[in-house]
Amino acid sequence: FLAGVSLLEHLEVLNLGRNPGVTDAALALAVGGGAGSTATLRSVDVAATAVRSSAVLATLPKLEEYDVSDTRLSVDPEEMARLESAVADNLRHRSRNRRR
């Protein structure tokens, strides 16, 4: 899927949207669960894909914006609450770091 993961070391935007072949497994492979080379991701678009869980997105330490519209996950309020909370935490952390 993403053979050249080392090329993604400083990737900040990942757009996988409008691709019905993108599943939870494909997303997990692409972002590495927030660890390693894609820990710099700030924006992820998985709109209109087969993604069902926000668990991987919620682990991204710098995620500030995301698009999960037209996915099955958008109907699960608990999943969305966890993702929104993680993103809010990331934004607060970034704001604190900017003031220093």
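This briefing walks through the fold, the core and a few individual residues of the chain shown above. The structure is a predicted model. The chain has 100 residues, of which 36% count as buried. Its secondary structure comes to three helices and three strands, and these follow the pattern β-α-β-α-β-α along the sequence.

**The chain as a whole**

- Start with the pattern: reading along the sequence, you meet strands and helices as β-α-β-α-β-α.
- Among the named elements, strand β1 spans residues 13–15, while strand β3 covers residues 65–67.
- For the helices, α1 runs over residues 24–31 and α2 over residues 55–58, and α3 takes in residues 77–99.
- Contacts between distant parts of the sequence count for a good share here: of the contacts with a separation of 6 or more, 53% join residues 24 or more positions apart.
- On the outside, the accessible surface of the chain comes to about 5,900 Å². Carbon and sulfur atoms hold 53% of that surface.

**The nonpolar core**

- In soluble globular proteins, nonpolar side chains tend to be buried together.
- In this model, the largest nonpolar core contains 20 residues. Leu 27, Val 44, Val 46 and Leu 57 are the members that touch the most others.
- Helices α1, α2 and α3 are the elements that give two or more residues to this core. The top contributor is α1, with four residues.
- Leu 27 is a good residue to click on if you want to see the core from within. Beyond its neighbours within four places in sequence, Leu 27 is in contact with Leu 16, Val 44, Val 46, Val 51, Val 56 and Leu 57.

**Glu 79, a buried residue in α3**

- Glu 79 sits in helix α3. Its relative accessible area is 12%, under the 20% limit, so Glu 79 counts as buried.
- Setting aside neighbours within four places in sequence, the contacts of Glu 79 are Ser 53, Ser 54, Ala 55 and Leu 73.
- Glu 79 and Ser 53 are 26 residues apart in sequence, yet their C-alpha atoms are 6.8 Å apart in space. The two side chains make a polar contact at 3.3 Å.
- Ser 54 takes part through its backbone: its nitrogen lies 2.6 Å from a polar atom of the Glu 79 side chain.

**Two residues with positive phi**

- Arg 18 is found in the loop between β1 and α1. Its phi is near 65°, a positive value in a residue other than glycine.
- Arg 18 has a relative accessible area of 56%, which is over 50%, so Arg 18 counts as exposed.
- Asp 70 lies in the loop between β3 and α3. Asp 70 is not a glycine either, and its phi is positive, at about 60°.
- Asp 70 counts as exposed because its relative accessibility, 60%, is over 50%.

**Thr 71, a buried loop residue**

- Which loop holds Thr 71? Thr 71 has its place between β3 and α3.
- Is Thr 71 buried or exposed? With a relative accessible area of 7%, Thr 71 is buried, whereas Asp 70 is exposed.
- Leaving out neighbours within four places in sequence, Thr 71 is in contact with Val 46, Ala 47, Ala 48, Thr 49 and Val 51.
- Val 46 links two of these topics, as a contact of Thr 71 and as one of the core residues that touch the most other members.

Note on methods
Residues are numbered from 1 along each chain as its sequence is written. This is a predicted model: local features need pLDDT of at least 70, side-chain atom pairs count only at pLDDT 80 or more; totals for chains, interfaces and linings use all residues. Side-chain values use heavy atoms; hydrogens and water are left out. Buried means under 20% relative accessible area, exposed over 50%, partly exposed in between (1.4 Å probe, protein chains only). Contact means heavy atoms within 4.5 Å. A polar contact is a pair of N or O atoms within 3.5 Å; within protein, one must be able to donate a hydrogen and the other to accept it, and residues adjacent in sequence count only if both atoms are side-chain atoms. A nonpolar core is a set of buried Ala, Val, Leu, Ile, Met, Phe, Trp, Tyr and Cys residues joined through side-chain atoms within 4.5 Å. Accessible areas come from the Shrake-Rupley method with a 1.4 Å probe; for residues, only the protein chains shown count as cover.
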